[in-house]
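Here's a quick briefing on the empty space in this protein, plus a look at one acidic side chain. Have the model open while you read.

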Amino acid sequence: MSLEYTSLAALLDHGFDTLIDVRSPAEYAEDHLPGAINLPVLDNAERARVGTIYKQQSPFLARKIGAALVFHNAAHHIETALRDHDGGWRPLVYCWRGGQRSGAFAWMLREIGWRAETVEGGYRTWRRLVKRYLYDTVLPHRLVALDGYTGTAKTALLHLLQARGVQIVDLEGLANHRGSLLGEYAGGQPSQKAFETRLAIALSALDPARPVVIEAESSKIGERIVPPGLWAAMKSAPRIRVAAPVDARAAFLVQAYDDILSDAPRLKARLDWLRPHRGHAVVDHWFALIDADDRHALTRALMEQHYDPSYSKSRHDDAPLLARIEADSLDDAGLITLAARIEAALAELTPLRA
């Protein structure tokens with residue numbers, strides 16, 4: 001039986017024991033429903049082969065060869081990944097759109113005795129619901145933007161606020177990127193579709209009656225694009241601006257960016273892109289600091305000569321300023337004090353907690 005889902009919440013709360021994505025590993029890697037395991041009935045090469053036969057030879061031949069591969073691979077999954085499930089197990093299966101792959105796999109599972117169902121429209125249904133939620137619906141959340149120059153520990157503060165019961169959205173965490181020229185993390189960024197899946201899940205879990213703190217980002221985080229509706233809400237959101245001395249910010253960045261500061265060749269390759277914007281003399285000075293392993297001086301120079309000027313140009317000063325909070329230190333104790341002061345500033349937008 002194919003089940004129809006008409007809302008993000010309904011599909012997230014599907015109620016089945018296991019959610020199975022039978023698409024190819026490449027399709028699954030690009031994006032998938034949250035919590036789904038990948039049991040492909042056609043691997044990447046097999047899917048490409050069947051598609052080529054369909055276009056260049058015969059749809060009938062493609063279906064015949066595809067069916068043989070699907071049932072062969074399905075049998076393997078039953079003998080391995082699914083071997084320990086008892087008779088009461090209830091899986092929900094989906095594929096790309098048409099239901100042929102998921103339908104064949106679910107039929108085999110039902111023949112065994114498991115209560116398997118499929119998602120009407122497959123992954124395309126999920127994608128349509130995510131797009132509708134992020135692009136076609138006015139987001140109901142009351143955003144408060146946490147603002148401040150690079151190095152004011154905004155992401156760390158978000159998580160301290162979350163621990164205090166404040167609702168937050170960590171866009172950099174969802175995008176796996178620190179949102180700056182040197183911001184990439186190991187493993188790379190999720191695809192745009194996967195980023196939007198993560199974002200839709202995070203937003204849909206929040207209480208619209210309570211404010212949501214979000215970092216004042218640009219419209220792109222690395223290569224991932226913030227949906228226009230959310231970006232517009234971020235630009236107009238009241239701001240809490242965090243300020244700290246440049247030396248405190250430099251000390252924080254030395255720790256926060258230890259991964260790329262420890263990789264001189266990669267660091268130089270990234271900074272070399274800025275020669276047309278900052279000039280050869282400035283970048284050569286940065287390179288000399290890298291060679292000397294003077295990380296504090298380097299991060300300070302980067303802020304004063306690149307990040308702070310860029311931030312000043314892009315700052316949205318027309319947004320209402322809820323509070324400006326000065327920090328003397330961004331060490332652990334200083335951040336805890338800052339988080340408490342930010343929470344106090346948010347009290348005007350109560351209720352903060354459920």
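Let's start with E184: at 19% relative accessibility it counts as buried, because the cut-off for buried is under 20%. Keep in mind that this is a predicted model. Beyond E184, there is one cavity of 30 Å³ or more to look at, along with a largest pocket of about 1200 Å³ and a second largest one of about 670 Å³.

**Around E184**
- You'll find E184 in the loop between α8 and α9, the latter covering residues 192-204.
- Its side chain makes a polar contact of 2.9 Å with the side chain of R266.
- Leaving out residues up to four places away in sequence, E184 touches H177, R178, D259, I260, R266 and R270.

**The largest pocket**
- This pocket holds about 1200 Å³ of space.
- Its lining runs to 46 residues, and R178, G179, S180, L181 and Y307 are the closest to the centre.
- Two or more lining residues come from each of α7 (154-163), α8 (171-175), β9 (220-221), α11 (246-256), α14 (275-278) and α16.
- Helix α16 gives the most, with 5 residues.
- Sorted by class, the lining has 15 nonpolar, 18 polar and 13 charged residues.
- R178 turns up twice here: it is among the residues closest to the centre of this pocket, and it also touches E184.

**The second largest pocket**
- Here the volume is about 670 Å³.
- There are 20 lining residues, with L42, V50, R63, Q100 and R101 nearest the centre.
- The elements giving two or more residues to this lining are α3 (44-56), α4 (59-79) and α5 (100-112).
- Helix α4 gives the most, with 6 residues.
- By class, the lining splits into 10 nonpolar, 5 polar and 5 charged residues.

**The cavity**
- The largest cavity has a volume of about 60 Å³.
- Lining it are T150, L182, L253, Y257, L261, T299, L302 and Y307.
- Helix α16 (residues 295-314) supplies the largest share of that lining, 3 residues.
- No charged residues show up in the cavity lining, which has 6 nonpolar and 2 polar ones.
- Y307 is worth finding on screen: it lines the cavity and is also among the residues closest to the centre of the largest pocket.
- Likewise, α16 gives the largest share of the cavity lining and gives the most to the lining of the largest pocket.

Technical notes. Residues are numbered from 1 along each chain as its sequence is written. This is a predicted model: local features need pLDDT of at least 70, side-chain atom pairs count only at pLDDT 80 or more; totals for chains, interfaces and linings use all residues. Side-chain values use heavy atoms; hydrogens and water are left out. On a 1 Å grid over the protein atoms alone, a cavity is a set of points where a 1.4 Å probe fits but cannot get out, and a pocket is an open set with protein on both sides within 12 Å along at least five of seven lines; lining residues have an atom within 4 Å of a point. Grid points are joined across faces, edges and corners, and a volume is the space filled by probe spheres set on the points. Helices (H or I, at least four residues) and strands (E, at least two) are DSSP runs, numbered from the N terminus. Ala, Val, Leu, Ile, Met, Phe, Trp, Tyr, Cys and Pro count as nonpolar, Asp, Glu, Lys and Arg as charged, and the others, Gly among them, as polar. Buried means under 20% relative accessible area, exposed over 50%, partly exposed in between (1.4 Å probe, protein chains only). A polar contact is a pair of N or O atoms within 3.5 Å; within protein, one must be able to donate a hydrogen and the other to accept it, and residues adjacent in sequence count only if both atoms are side-chain atoms. Contact means heavy atoms within 4.5 Å.
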